[in-house]
Amino acid sequence: MFLPSGMKPKIKSNAAMLSLLLFFCVPVFSFPLVSDTIIIDGEYIAIMRDSSSADVDSLEEQWHKRKEKLNLDVGVSLLPGITLSNIYRPESEDVLLKRMIGKGISAKPSMSIGAGATKHFSDLIALRLGVNYTMSSIKNPYLLEEDLSQEETYAFVSFEEGKLSQIVNVFIDPGYELDTIDLDIREGLFRFSSTDVILRMAVYPEPLKEELRMYVHFGPFVRFTSVSETSPVSLIANNTELINIPSDDLKFRNLMVGGTLGFGLEYEENDHVFGASLDGWVPAGLMNEYSGIEIISGSLSIGLHYAYRF
């Protein structure tokens, strides 16, 4: 066979070329390979390129995705606060010494430490489970019989807030006269330690910035309480008689339930979450079982939180 001048013969026949193409096409469709075909001077040259690594994420990317799917914050908190309380005697002519000297709702510092976890179900909703340990106290001013004058009591009078005077009949010859004695009121306390198990739902509005978010959280808690210090409760009957109710008669509850409501801010950076919140805590019902004296309390706290996001 003759060819025009300037034309080179094909190195391989058509049959050989077909065999060559079949040889390379079968692996191409059988394995995740990408082929490039180059024609040089009439020859077909197939270059095989492995593309399997292009569809597989690095180990670091897989781990990051796994963390994003978990969306679980685990951390600790510190909650300094104030315990607000009131002691009163319902439906009685006897007057509490505390109320007689003008002391109503009292406030005492409290301190809590806590730990917990937050599961984020979406950008808007999260569920929190936590445990707080709190130490708090309630003011309870009182008097003992030994603090009173042994003279006959004419009346008890409070001339200024926080002070109580005993007006007595003093015998003189002949007759009696009234004398006023200022009494030293004892500063009693009910001191508690409590453990709260808390379940709260957190709602996140639109973020203020990419890393800074505001939230509102609320829910119930169960409180286990123990009393470490007590004092008697003093009453003034008929304005002339001191009555003390022993602390053992008050029968403080060891188990209570209640609700909490708060709002706060969170800042997140590289899976580290820092937060601050203002929370209110209100137990349901009385702290004690004795019907003659009723004690109620609630608290406010400022929470400082740190958590790591898994």
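The exercises below work through strands, cavities and single residues of one predicted model.

Residues are numbered from 1 along each chain as its sequence is written, and side-chain values use heavy atoms, with hydrogens and water left out. Since the model is predicted, local features need pLDDT of at least 70 and side-chain atom pairs count only at pLDDT 80 or more, while totals for chains, interfaces and linings use all residues.

**Exercise 1. Describe the chain as a whole: how many helices and strands does it hold, and what percentage of its residues is buried?**

Step 1. The chain has three helices and 16 strands, where helices (H or I, at least four residues) and strands (E, at least two) are DSSP runs, numbered from the N terminus.

Step 2. Of the 310 residues in the chain, 34% are buried; buried means under 20% relative accessible area, exposed over 50%, and partly exposed in between, with a 1.4 Å probe and protein chains only.

Step 3. When contacts in the chain between residues at least 6 apart in sequence are considered, 66% of them join residues at least 24 apart, a contact being heavy atoms within 4.5 Å.

**Exercise 2. Trace the pairing that involves E14, E15, E16 and E3: which residues stand opposite each other?**

Step 1. Begin with strand E14 (residues 255-269) and strand E15 (residues 272-283), which run antiparallel and are joined by twelve bridges; two strands pair if DSSP finds at least two bridges between them. Gly264 stands opposite Ser277 in E15.

Step 2. Look next at the turn, since E14 and E15 form a hairpin with two residues between them, and Asn270 in that turn has a positive phi of about 55 degrees.

Step 3. Continue to strand E16 (residues 294-309), with which E15 pairs in the antiparallel sense over ten bridges. Here Phe274 faces Tyr306 in E16, and Val273 is likewise opposite Ala307 in E16.

Step 4. Finish with E3, which runs antiparallel to E16 and is joined to E16 by 14 bridges; Tyr88 stands opposite Glu294 in E16.

**Exercise 3. Set out the open sheet of three strands: in what order do its strands lie, and which are at the edge?**

Step 1. The order is E4-E12-E13, and the pairing is antiparallel. The edge strands are strand E4 (95-96) and strand E13 (241-245), each of which pairs on one side only.

Step 2. Strand E12 (residues 233-237) and E13 are paired in the antiparallel sense over five bridges, with Ala237 opposite Glu241 in E13.

**Exercise 4. Characterise the two largest cavities: which residues lie closest to each centre, and how do the linings divide by class?**

Step 1. The structure holds three cavities of 30 Å³ or more. A cavity is a set of points, on a 1 Å grid over the protein atoms alone, where a 1.4 Å probe fits but cannot get out, and lining residues have an atom within 4 Å of a point; grid points are joined across faces, edges and corners, and a volume is the space filled by probe spheres set on the points.

Step 2. The largest cavity has a volume of about 390 Å³. Its lining comprises 27 residues, and the closest to the centre are Ser77, Thr118, Arg128, Arg200 and His305.

Step 3. E3 gives the largest share of this lining, six residues. By class, the lining of the largest cavity has 13 nonpolar, ten polar and four charged residues, where Ala, Val, Leu, Ile, Met, Phe, Trp, Tyr, Cys and Pro count as nonpolar, Asp, Glu, Lys and Arg as charged, and the others, Gly among them, as polar.

Step 4. The second largest cavity has a volume of about 250 Å³ and is lined by 23 residues, of which Thr134, Ser136, Ser194, Arg223 and Ser299 lie nearest its centre. Its lining contains eight nonpolar, 13 polar and two charged residues.

**Exercise 5. Examine Ser165 and Gly102: is each residue buried, partly exposed or exposed?**

Step 1. Ser165 lies in strand E8 (residues 165-171) and is buried, because its relative accessible area is 4%.

Step 2. The side chains of Ser165 and Asp182 are joined by a polar contact of 2.8 Å, that is, a pair of N or O atoms within 3.5 Å of which, within protein, one must be able to donate a hydrogen and the other to accept it, while residues adjacent in sequence count only if both atoms are side-chain atoms. Leaving aside neighbours within four places in sequence, the contacts of Ser165 include Phe156, Phe159 and Ile181.

Step 3. Gly102, found in the loop between helix H3 (97-100) and E5, counts as partly exposed because its relative accessibility is 44%. The C-alpha atoms of Gly102 and Gly162 are separated by 6.3 Å, although these residues are 60 residues apart along the chain.

How values were computed. 1 Å grid on protein atoms, 1.4 Å probe; cavity = no way out; pocket = protein on both sides within 12 Å on 5 of 7 lines; lining within 4 Å.
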